[in-house]
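Hi everyone, thanks for making time. I'd like to walk you through a few spots in a structure, so have a look at it while I talk.

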Amino acid sequence: MFDEIGTRIKMYASVIFWIAVAASIIIGIVLISMGVKESHGGGGLIAEGFFTLLFGWFPSYIGSLIVYGFGELIEKTTEIAKNSASSAATKRAVEVTDDMWKCPACGKYHKNYVGTCGCGMRKP
């Protein structure tokens, strides 16, 4: 359900933006046509209709940018987490050789010349 949620958020941001653009065009046309039908005082509706046509998309654009950026942030964070997990697993794999000792307290391996483990336990 939550696989690639960042990609889905970005897709929804794009869809919502285009729906808002279509709605602002429709509302603008309706306002202009209502203003044209009115013989007296319709000039206000015509101006509002043109304003909606020209700038009605802008608030949805800003909102979509924020939501799209959030989706991008989630994608990048997921990518970083996956890369960190794989590098941490790589770091944990220690090649044990004959000149090493294992700490009896924490299980870490150390070279023979190291006398004390990081946990405080002395070399046996």
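I'll go through the aromatic rings, then a serine, then a proline.

Just so we're all on board, this is a predicted model.

Okay, aromatics. How many aromatic pairs does the structure hold? Six. Take Trp-57 and Phe-58: that pair is edge-to-face, with 5.6 Å from centre to centre and 80° between the planes. It gets the edge-to-face label because its angle is over 60 degrees. As for exposure, Trp-57 is partly exposed at a relative accessible area of 32%, and Phe-58 is partly exposed too, at 41%. These two also belong to a cluster: ring pairs link Phe-17, Trp-18, Trp-57, Phe-58 and Tyr-61.

Now for the serine, Ser-64. You'll find Ser-64 in helix α3, which covers residues 58–92. Is Ser-64 buried or exposed? Buried, because its relative accessibility is 10% and the cut-off for buried is under 20%. And what does its side chain reach? The backbone oxygen of Ala-13, at 3.2 Å. Setting aside neighbours within four places in sequence, Ser-64 is in contact with Ala-13 and with Phe-17. Phe-17 you'll remember from the ring cluster.

Last stop, Pro-124, in the segment after β2 (109–111). Pro-124 counts as exposed, with 76% relative accessibility. Still, Pro-124 has contacts beyond its neighbours within four places in sequence, namely Trp-101 and Pro-104. And Lys-102, 22 residues away from Pro-124 in sequence, sits 8.8 Å away in space, C-alpha to C-alpha.

That's my tour, thanks for listening.

Key
Residues are numbered from 1 along each chain as its sequence is written. This is a predicted model: local features need pLDDT of at least 70, side-chain atom pairs count only at pLDDT 80 or more; totals for chains, interfaces and linings use all residues. Side-chain values use heavy atoms; hydrogens and water are left out. Rings of Phe, Tyr and Trp (its six-membered ring) pair if their centres lie within 6.5 Å; planes under 30 degrees apart count as stacked, over 60 as edge-to-face and the rest as tilted. Buried means under 20% relative accessible area, exposed over 50%, partly exposed in between (1.4 Å probe, protein chains only). Helices (H or I, at least four residues) and strands (E, at least two) are DSSP runs, numbered from the N terminus. A polar contact is a pair of N or O atoms within 3.5 Å; within protein, one must be able to donate a hydrogen and the other to accept it, and residues adjacent in sequence count only if both atoms are side-chain atoms. Contact means heavy atoms within 4.5 Å.
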